[in-house]
Amino acid sequence: MQSKSSIATPPLAMAGAGILTIDLAAIRSNYRGLGKTACGAAVAGVVKADAYGLGAQRIVPILYAEGCRTFFVAQLMEALALREALPGDAELLVLNGVQPGLEAVCAERRIVPVLNSRPQFEAWRALAHRVGQRLPAALQADTGMSRLGMPPEEVQALAADATAFEGLDFTLFMSHLACADEPDNPANAMQLANFRALSARLPAARRSLANSAGVFLGEEYRFDLVRPGIALYGGAPISGRPNPMTPVATVEAPVAQVRTVPAGAGIGYGFSRHAADPMRLATIPVGYADGWHRSLGNRGAAWFGGHELPFAGRVSMDSIILDATAAPGLAPGDMVELVGPHRDLEEVAADAGTISYEILTSLGTRFTRVYRDDSGKGAIA
C-alpha cells in the first residue's frame, strides 16, 4: 500500500502543498528522441516560463550537456536570469523581441531579440551602427497566425532593400505554426508555403518553423532548427494521438485530514456536492493558488494505493476534498498522486478543460520541487 512519497525527501519538503518531482533523465531522453525525429535539424530548447514551470536554472544545463546550443525564452527578464547559467557559445533568444530603450542591455548581455516589427528591426540596426559592431539578428515573420512577427509586406520591403541588413549578422529567420497540433489542418500547408516564399527573398540564414507539434509534421516543416517546448517536458505534442514523449513531472500531495461525514452532509463551498451515504473524506493542502484549477471541482481525482479518489465539491484556494471511501487505509501524512502513472498531464488537463501547457506552468511555488536523475536519488530545489 502506498503511504510515503515515491522519493525520499527531508520532512520540510512536506511543509507546503506537496512535492513536484522533475525527472531530469526523462528530459534528456525527450531531447534525444526529438533529435532523432528531427532527422538532422538542430534542436533548440524552449525554456520560457521557467522551463514550463519546472525550473529553467536546473534544466538548461541538462539540455546544454545534451548538445543544445540555442535557447528561447519569451521575455527579456527571463533571458537576463539565464544568461550567466549558459556558456558563451550558447545562443539565447527572446521571442517577444525587445522593448524600446532596452536594445543595449541585450547587446551587452549577449542576448538576441527576435525582431518582430520594422521598428524593432531598425532600432537594433541603429544600435549596431552606433557601437560599430555586427549584432546577431533573428527575424520573425507572421505567416498567418496574427500574433508576433513582421507582416509579409514588411518582410518583402526588407528583402527589396539591399542595405537593410548592413551592420547585422542575419542568423535566423523564423515563424510559428498556429495549428501544428492538428496535422490535417490546411493552415499548416498555408503557413509552410508563406514561410518558404518569404525565406526565398531574404539573405541566407538558418530557418525555423516547427514547434513541438511541428517536429512531427514531417521533414518539410523542420528546416534547419526546430523549437520544441512542451514535448521536452513530457507533454503530448499532438492531441488525440499516443504521446511519444517520456513523462517528466510527478505531483504528489500529503493528506491533511481524514474524516467520515453522514449521509446528506454538504461538501465544500456552495455545497456543490452532498454525501448520498456516509462518506469518508480526505483533505489535501492543494488548491487553485497552487495551479489546481477551480474547474476541476467534482471532476478531478487523485490516486492512492491503486484506488481513484474523486474530488468532492469545489476546489478551494488552499485545499481539495477527496472522496476517500475506496481507500479505508488512507491516513494523514500519506501521499496521494495528482499527476503520475495513474493520471498523466493530458488527463488532468482534459478534466480541467484546458491543455497540459497550462497545468504545468500554473504549478505554484508552494510545491517543493525535487529533481531526480538516473540514480533515482532526489535533491531539493
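These are my notes on cysteines, nonpolar cores and the largest pocket in a predicted model.

Ground rules. I number residues from 1 along each chain as its sequence is written, and side-chain values use heavy atoms, without hydrogens or water. Local features need pLDDT of at least 70 and side-chain atom pairs pLDDT 80 or more, while totals for chains, interfaces and linings use all residues.

Cysteines. I looked for disulfides (cysteine sulfur pairs within 2.5 Å) and found zero. For Cys 68, the nearest cysteine sulfur is that of Cys 39, 18 Å away. Cys 68 is buried (under 20% relative accessible area, 1.4 Å probe, protein chains only), with a value of 0%. Cys 106 is in no disulfide either, with the sulfur of Cys 68 nearest at 19 Å. Cys 106 is also buried, at 1%.

Cores. I then looked up nonpolar cores (buried Ala, Val, Leu, Ile, Met, Phe, Trp, Tyr and Cys residues joined through side-chain atoms within 4.5 Å). The largest has 114 residues, and Leu 139 and Trp 292 are among those with the most contacts inside it. A second, separate core has eight residues, including Ile 267 and Met 279.

Pocket. I took a pocket as an open set of points on a 1 Å grid over the protein atoms alone, where a 1.4 Å probe fits, with protein on both sides within 12 Å along at least five of seven lines; lining residues have an atom within 4 Å of a point. The largest has a volume (space filled by probe spheres set on the points) of about 790 Å³. Its lining has 38 residues, with His 176, Asn 211, Ile 230, Ile 355 and Tyr 357 closest to the centre.

Key. Buried < 20%, exposed > 50% of the residue type's maximum accessible area, 1.4 Å probe, protein only.
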